[in-house]
Amino acid sequence: MVRPRLILVALAALLVVGVAALGLERFPPPEFETDYVRPTTTAPNPPQGLWEYVDAGVLAVTLVLATVLILRTRNRKLIFALMLFCLAYFGFFRNGCVCPIGAVQNVTLTIFDPGYAIPLAVLVFFALPLVFTLFFGRVFCGAVCPLGAIQDAVLIHPVRVPRWLESGLRLIAYLYLGAGVLFAAMGAMFVICRYDPFVGFFRLSGNWEMLVVGACLLLIGMFVGRPYCRFLCPYGVILRQLSRLSRWRVTITPTDCIQCHLCEDACPFGAIRKPTEPWPNKEYQVARRRLAFLLVLLPVLIGAGGWAGYELRQWLAMVHPEVRLAQRIYLEENALVEGTIDASDAFRALGRSSDELYAAATQLRDRFGIGGALLGAFVGCVIGGKLLSLSVKRRRTDYEPDPASCLACGRCYRYCPKEHERLKRGREGLVRH
Amino acid sequence: MTQRQGKMDSGVIITVLICTALLVAIGAVLLVDATGRRGSGLSRVYELDAVRLASFDPNLILYHEVGPPIATGFERSRALALGANGRFYIAGDKAVHVLRDKGTLEQVIRLASEPHCVAVSAEGRLYVGLRDHVAVFDEAGQRIVSWEPLGERSFLSSIVVARDDVFVADAGHAVVLRYDKTGQLIRRIGEKDPDRDIPGFIVPSPYFDLAVAPDGLLRVVNPGRTRIEAYTFRGDLEFFWGQNSIRIEGFCGCCNPANFAMLPDGRYVTAEKGLIRVKIYDADGVFEGVVAGPDELVVGGAARVFLSVEDAEASGFDVAVDPDGRIFVLDTIENTVRLFVEREKG
Ligand code: SF4
């Protein structure tokens, strides 16, 4: 049963945060004509660089703490407390920047633009959660990520999302990652940062469209656990793959699974997988044929995706400001639009020739052709891979979290009778001592 | 039964809420102006309306232009100095042109590199500031000597000759150098020194002018602080004046005035770049009036100068004053010298 009062309170809280954020967007107009007194010139404070190192240090410490709390202490309350601290620190105090999710783009730009030097702190933010995930599963998602935390905090009445829908929606995250990498590689835009739905809340400022998106995601997140993490997060795509390889990760039971079924519905993110039955022979034969068909289909999907991506190059290239400017100049020079815009005025004032601009834009469009083809091929590969994975039956004897989907939140622990036994033993041990 | 009913209701509410939120979110994402084509969305209050800001009361104009502008013969003229017998010395391109009153070219002194500033001594010697050193020429235009170069970062922007000294403003190092007439460096003036209450010069662009005033003190523009500072020849800061303001009474922008000259009675003639205006201040730095505003000085008036960085940088007009108080303005956009004289009172 949903408690309507709870929903109303949560909605009101959302509204308050949203209104505060909108309210702070405007600032007083500059006083060009009044008695504005120029502040005296002072040397800027140096601490921004220092803060980056403090942030990296806090990240390292919180990751270690998260690992201990999630894998050893197995205490949801402490995990939740750490999560709230990270939300307050990385989110509201440090304004959601640097964040590993956006750092994907910095790393990409470093690879493709020799003129761009990635700050050390950004590199640490990108790499550290990956390293921890590789060893301990998604502990970063569970307790450290401020974007995950803000959603986790509003989850009051989780509803189950059907597996087919979950798998389908997750493709958006792959597409988003591909687009983020492509646009960053081309130097066009940091799309992941531009469309960050929660940074506006953290900074109490931002454009109203993204504040609305953030508010809607939080509203959805009251019922569908962590929608951004599960269906949109591009960094989560990388973490999913690394988490599969992790050696020490979340287990529902601290010892052995007695198949009591009690944890079956415990996960608000649909990450718990049931033990599997062996396939009947007939079904097995069908699955084998399907697998063979899908193996043949995979290169077709990759090829089709690549072709579609290449065909979209014109459209993709329009994200690049240089290409947009070239189009605008072309329209102005051929009297297809009236008037000029700031960008075209600035272009003319700089004295660059339009032929030079067109040549640069054409070159960019060609590069977007290659990038678009790779992006399309990647999406085709993901779809093909997903179809393949559905027709492969994994053998599972116990109830266990799916290593890729488990967000290491620690909610399921208390559903396991063995966990209660462990806690009881711990308490008795304490008493005996 | 009641509970079942309740459960169904909540399911419907949740589904409706989720679907609505999803549609609103998709709509909002589509509305995001990711390419900035809609501009900042701020009201007109934030607009930099150059024409409006450049306007001032026309009654403040105390001077008027006399005669046609004199062509300098340069593609890029840089600096102007007045010599005895009504000669103009104009530095530009890779030469110094010596012109007579009406603009007759009397002499061309060729240089190996671009001159930035020029000054003439009472004896008729010409001191030309190149990027990193001073070159001295005799009256016939023959090079006498080149002084020691000042290093990679130096950018000499102004030079002035006093009775026994030569002062050179180095914009690159943000310092004034006092030399004797043989080129021996005597002193560095204006470097930051909290013990002597000297704040140091802030020179954001290659405009850093100086002059020797009739009271015997050196006047130097501190462009980043938009003021003029008075120093003794020993380098003590005596006083300063100047206020940052877009209003006609102040100096606008990041670094102004670009150039200035002293009238025989100790008043100042200042030339601002960016928003080009030439103005008069009394000996205490109180605004007196305008020699010429953007509309008088530039084709297209105020709107023109804001269009590009190049325009703004090229708009550092130089000014010089003759013993009769006539003001000569070197128009570095049109590469001409223009003469302004005081209007008849009443
Ligand atoms: S820890 Fe348990 S409840 Fe939390 S995401 Fe993983 S499986 Fe789900």
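A salt bridge is a side-chain nitrogen of Lys or Arg within 4 Å of a carboxyl oxygen of Asp or Glu. With that term in hand, let us work through some exercises.

This is a predicted model, in which local features need pLDDT of at least 70, side-chain atom pairs count only at pLDDT 80 or more, and totals for chains, interfaces and linings use all residues. Residues are numbered from 1 along each chain as its sequence is written, chains are lettered from A and ligands numbered from 1 in the order in which they are written, and side-chain values use heavy atoms, with hydrogens and water left out.

**Exercise 1. Find the salt-bridge partner of Arg338(B), and say which elements the pair links.**

Step 1. The side chain of Arg338(B) meets that of Glu65(B) in a salt bridge, at 3.0 Å from N to O.

Step 2. Arg338(B) sits in strand 24 of chain B and Glu65(B) in strand 1 of chain B, so this pair links distant parts of the chain, 273 residues apart. Helices (H or I, at least four residues) and strands (E, at least two) are DSSP runs, numbered from the N terminus.

Step 3. Now look at accessibility, where buried means under 20% relative accessible area, exposed over 50%, and partly exposed in between (1.4 Å probe, protein chains only). Arg338(B) is buried at 8%, whereas Glu65(B) is partly exposed at 31%.

**Exercise 2. Describe the sheet that holds strands 1 and 24 of chain B.**

Step 1. The sheet is open and has 4 strands of chain B in the order 1-24-23-22, with antiparallel pairing. Two strands pair if DSSP finds at least two bridges between them.

Step 2. Which strands stand at the edges? They are strand 1 (63–71) and strand 22 (318–321); each has a single partner strand, so one side of each is left without a neighbour in the sheet.

Step 3. On average, neighbouring strands of this sheet are turned by 25° against each other, direction ignored. Axes here are lines fitted to C-alpha atoms, for helices over the stretch in contact, and angles run from 0 to 180 degrees between N-to-C directions.

Step 4. Zoom in on one pairing: strand 1 and strand 24 (residues 336–342) of chain B run antiparallel over 6 bridges. Within strand 24, Val337(B) is the bridge partner of Ile70(B).

**Exercise 3. Examine the salt bridge between Arg74(A) and Glu419(A).**

Step 1. The closest N and O atoms of Arg74(A) and Glu419(A) are 2.8 Å apart.

Step 2. Arg74(A) lies in the loop between helix 2 (47–73) and helix 3 (76–93) of chain A, and Glu419(A) in helix 19 (residues 417–432) of chain A; the two are 345 residues apart.

Step 3. Are these residues buried or exposed? Arg74(A) is buried, with a relative accessible area of 8%, and Glu419(A) is buried as well, with 2%.

Step 4. For the wider view, a search of the whole structure finds 37 salt bridges over all chains.

**Exercise 4. Locate the backbone features at Pro257(B), Leu204(A) and Asp93(B).**

Step 1. Start with the background: most residues other than glycine have a negative phi, and most peptide bonds are trans.

Step 2. A cis peptide bond, with omega about -5°, joins Asn256(B) and Pro257(B). Pro257(B) is in the loop between strand 17 (237–241) and strand 18 (259–262) of chain B.

Step 3. Leu204(A) has a positive phi near 50° and lies in the loop between helix 10 (199–203) and helix 11 (208–221) of chain A. Leu204(A) is partly exposed, at 31% relative accessibility.

Step 4. Asp93(B) also has a positive phi, about 35°, and its loop runs between strand 3 (88–92) and strand 4 (95–99) of chain B. Asp93(B) counts as partly exposed at 26%.

**Exercise 5. Map the surroundings of Ile228(B).**

Step 1. Ile228(B) is placed in strand 16 (residues 227–231) of chain B and is buried, at 1% relative accessible area.

Step 2. Leaving aside neighbours within four places in sequence, Ile228(B) has contacts that include Val220(B), Phe239(B), Trp241(B) and Pro257(B). Contact means heavy atoms within 4.5 Å.

Step 3. Ile228(B) and Phe239(B) are 11 residues apart in sequence and 8.7 Å apart in space, C-alpha to C-alpha.
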